[in-house]
Amino acid sequence: MRGEIRKQIRIFVTLFMVLVLCMLVLCMCVVSFNHKERTLYYSAANAEEDNANKHCAVTIKPRGGSTDTWIKRIARVKEDGTQLEVQYAGIIYDIMVVNQTELRITDWTLKIPVPQDSFLNNAWCGTLEIHQYQQHDELVQTLDLRKCIEEEVEIILEHEVAGTDLMIPVNQGDYFIYHPSIRDKEDVIEASDLESEEYQNKRVDFIAYHETVNEDMTPVEFPNAVLSYHLHKDITQLPIFYVLISLFGWWCISVVVTVIVNVKTRRLIERARRDADIIEQSMSAFMGFIDAKDTTTNGHSMRVAQYARKLAWKIGFSQEECDRVYYISLMHDCGKIGIPDAILNKPDKLTAEEFEVIKTHTLQGNRILENFTSIEGIREGALYHHERYDGQGYPKGLKGEEIPLIARIICIADSFDVMNSERCYQHKMTKEDIIDQLQSNKGKQFDPKLVDSFLEMLADKTIEF
Ligand SMILES: [Fe+2]
């Protein structure tokens, strides 16, 4: 029982560790997936193709309405050193990033190269990391253009202030990176529902001024951009996660059921052991009455029961069947309780009539045990243990395998104990004589196969003289 429990514990611990390992591997895969930086190259000329079948789609378009365009005149220094007032038109550019997956898009930024000399003026919902090249030097600063003037931020980039507006000149070859505002969670685009085609997106804007000679200028196009982003997968989006959770649930249920079954089994085993003790002690007490009555055969029933149990084990009975053989054998002579003491304890040779009375102990045993149904075969053991294999026994004169096996087993064990015991009317026989008697009665009094097994046990001292 303890070995079985240890084996079950080992199995459960192993299963638990396998499940934990699988869960760890799954977590690591998800973390690795989420940490991978991904890139989308946007080209205005090829936008449709670039955006197709990708995780995201990017568009950068000038808004172009008259209310979204402003004119500014800014003084510029010409190459010959003279100043010139140049007219610039400011245009709002809308950036749209569309999530085309069922996963969240996080940590995204958009790198936008400047196509022609311009001024950056403003940007919403984020900051601009501006890379400005000045005679082989690269100036870099990240600014929230909405707050620079108001908060008097120190600006290291080349810049100009036109009224209340900050104007940062950027030339062809410069670039800026749009960083969505993390505080406002603009760097997260929620998962889209592909089935219903409800795509989640983020729209952000910036204002750039371009040189113009009239107010109806054609907007400058920002033809290229590079979107960097991460896909975020929740572990709960993976079917394997639910498989593992289900297996863990089954594991928990199995542990609980096994514990309950083990506790109940243990109680049943203890109860069965107690019941077996009660049966054995009751039978021993009853055999004590018989032994007290038949003083010539003291301890006979107990010894016969032990020999019979060993013989049953020898011929392949299970432990449970051997115990049954033991109890049946213990009661085989219980009918002697009904034999008069004068006959049972007579020191002299019995008369034919007295022997007939003795023979009735088998029938009386059968009657006593008539209602003893909890041990199968107990009545047959008492009734037939004096039958002989050749059919010359009593009370029925059964022959060969007509005699129940339990009775044939008791017959040998009973006879061996009689020959091997000192009695008032008979001396204990020598080992050689006992073996000779068993051999010569094979097929006569005893079942020949059982005799062979019994002799083997005498030879290997399983049963001792
Ligand atoms: Fe007997």
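## Starting inside a helix

Which helix does glutamine 364 lie in? Glutamine 364 is part of helix α8, which covers residues 361–368. Before going further, keep in mind that you are looking at a predicted model.

So is glutamine 364 buried or exposed? With a relative accessible area of 18%, glutamine 364 is buried, because the cut-off for buried is under 20%. Leaving aside residues up to four places away in sequence, glutamine 364 touches Gly335, Gly338 and Ile339.

Glutamine 364 has company in α8: His361, Thr362, Gln364, Gly365 and Asn366 are buried there. And what sits over them? The cover for the buried residues of α8 includes α7 and α9, the second of these being residues 378–384.

## A buried phenylalanine

Now hop over to helix α3, residues 239–293, where you'll find phenylalanine 241. Phenylalanine 241 has a relative accessible area of 15%, so this residue counts as buried too.

Who does phenylalanine 241 touch? If you skip residues up to four places away in sequence, the contacts are Met23, Leu26, Ile235 and Thr236. You can also check phenylalanine 241 against cysteine 27: the two are 214 residues apart along the chain, yet their C-alpha atoms are separated by 9.4 Å.

## Pairs of opposite charge

Time for some charges. Side chains of opposite charge can pair when their charged atoms come close. How many salt bridges does the count come to? The count is 15 salt bridges.

One of them joins lysine 314 to glutamate 456, with 3.0 Å between the closest N and O atoms. Lysine 314 belongs to helix α4 (residues 300–314) and glutamate 456 to helix α12 (residues 448–459), so this pair ties together parts that are 142 residues apart in sequence. Lysine 314 is partly exposed at 33% relative accessible area, and glutamate 456 is partly exposed as well, at 44%.

## Along a helix, and out to a loop

Next up is the salt bridge between the side chains of glutamate 356 and lysine 359, at 3.2 Å from N to O. Here both partners sit in helix α7 (residues 352–359), 3 residues apart, which is about one turn of the helix. Glutamate 356 is partly exposed, with a relative accessible area of 45%.

Then there's aspartate 452, which forms a salt bridge with lysine 442; their closest N and O atoms are 2.8 Å apart. Aspartate 452 is in helix α12, while lysine 442 is in the loop between α11 (431–440) and α12, 10 residues away. Both are partly exposed: aspartate 452 has 33% relative accessibility, and lysine 442 has a relative accessible area of 30%.

## A network and a negative patch

Salt bridges can also link up into a network, as with Arg63, Asp94 and Asp205.

What about charges on the surface? Which residues form a negative surface patch? Glu102, Asp193, Glu195 and Glu198 do. Where is glutamate 102 along the chain? Look in the loop between β4 (83–99) and β5 (104–113). Glutamate 102 has 43% relative accessibility, so this member of the patch counts as partly exposed.

Methods
Residues numbered from 1 in each chain as written. Predicted model: local features only at pLDDT ≥ 70, side-chain atom pairs only at ≥ 80, totals over all residues. Heavy atoms only, no water. Salt bridge = Lys/Arg side-chain N within 4 Å of Asp/Glu carboxyl O. Helix = DSSP H or I, 4+ residues; strand = E, 2+ residues; numbered from the N terminus. Buried < 20%, exposed > 50% of the residue type's maximum accessible area, 1.4 Å probe, protein only. Patch = residues over 30% accessible without salt bridge, like charges linked within 9 Å, V, L, I, M, F, W, Y side chains within 5 Å. Areas by Shrake-Rupley, 256 points an atom, 1.4 Å probe, with all protein chains shown as cover. Lys, Arg positive; Asp, Glu negative; His and termini not counted. Charge placed at Lys NZ, Arg CZ, Asp CG, Glu CD. Contact = heavy atoms within 4.5 Å.
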